[in-house]
Structures are given as structure tokens and as C-alpha cells.
Amino acid sequence: MSVQDDLAAVRRRLQDLERTVEELERRVGTERGAPRPPSVGRADSLVTIPDTPYDSGLWTDTDDEGLGARDRHAP
């Protein structure tokens, strides 16, 4: 393929993309007028994570990820 062929193919794909985006914008515009369905169960699945530091005892006898165990050396 020549450079001109490549550019023509890119232009066609860009035009296809533009048409697709325009179609999506039209769909979203018409759907915005419709009422949204309620989000069922979403608030129940949220978990609050506190800002307080974790207990350091949680990390006892753990390996450092990617570094291996503390009492062993890399080969």
C-alpha cells in the first residue's frame, strides 16, 4: 500500500467514527428525556473505608510483594 492509500483508509475510518459518535450523541440526547431506572442495591454494596491507619499487626509474617520473604535472600 502506498502512503496515499493509507491516508485514504484513515480518512474513511475517521469519517465512520464521526458518524458513529454523532449517532451516539443523538441516542443519548433522546434518552436523557426518559426517566432513569432506579439503581437497585447499589447503596447497599458500598463499603466505607476509614482514614485511620491500619494495625501494624496485620502485616506480621507477610512477604513484601515482589521482594520475597524477609528472612530469605534472592538466588
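Asp-16 is partly exposed, with 39% relative accessible area. In this predicted model, the side chain of Asp-16 meets that of Arg-19 in a salt bridge, with 2.2 Å from N to O. Arg-19 is likewise partly exposed, at 49% relative accessibility. The two residues belong to helix 1 and lie three residues apart, so about one helical turn separates Asp-16 from Arg-19.

The structure holds three salt bridges. They are listed here with their distances.

| Salt bridge | Distance, N to O |
|---|---|
| Asp-16 and Arg-19 | 2.2 Å |
| Arg-26 and Glu-23 | 2.8 Å |
| Arg-27 and Glu-23 | 3.3 Å |

Glu-23 appears in two rows of the table, once with Arg-26 and once with Arg-27. Arg-26 and Glu-23 are three residues apart in helix 1, which means that about one helical turn lies between them. Arg-27 and Glu-23 are four residues apart in helix 1, and this pair too is separated by about one helical turn. Through shared partners, the salt bridges join Glu-23, Arg-26 and Arg-27 into one network. Glu-23 is partly exposed, at 31% relative accessibility. Its partner Arg-27 has a relative accessible area of 46% and is also partly exposed.

The chain has one helix and zero strands. Helix 1 covers residues 3–31, and Ile-49 is found in the segment after it.

Is Ile-49 buried or exposed? Its relative accessible area is 62%. Residues over 50% count as exposed, so Ile-49 is exposed. Ile-49 is also part of a nonpolar patch on the surface. The other members of this patch are Val-47, Tyr-54, Leu-58 and Trp-59. Together the five residues have about 630 Å² of accessible area.

For the chain as a whole, how many of the 75 residues are buried, as a percentage? Buried residues make up 3% of the chain. A residue is called buried when its relative accessible area is under 20%. The chain exposes about 7900 Å². Carbon and sulfur atoms supply 54% of that area.

In summary, the chain of 75 residues contains one helix and zero strands. Helix 1 holds the pair Asp-16 and Arg-19, as well as the pairs that Glu-23 makes with Arg-26 and Arg-27. The segment after helix 1 includes Ile-49, which belongs to the nonpolar surface patch with Val-47, Tyr-54, Leu-58 and Trp-59.

Key: Residues are numbered from 1 along each chain as its sequence is written. This is a predicted model: local features need pLDDT of at least 70, side-chain atom pairs count only at pLDDT 80 or more; totals for chains, interfaces and linings use all residues. Side-chain values use heavy atoms; hydrogens and water are left out. Patches are made of residues with over 30% relative accessible area and no salt bridge: like charges are joined within 9 Å, nonpolar side chains (Val, Leu, Ile, Met, Phe, Trp, Tyr) within 5 Å. Accessible areas come from the Shrake-Rupley method with a 1.4 Å probe; for residues, only the protein chains shown count as cover. A salt bridge is a side-chain nitrogen of Lys or Arg within 4 Å of a carboxyl oxygen of Asp or Glu. Buried means under 20% relative accessible area, exposed over 50%, partly exposed in between (1.4 Å probe, protein chains only).
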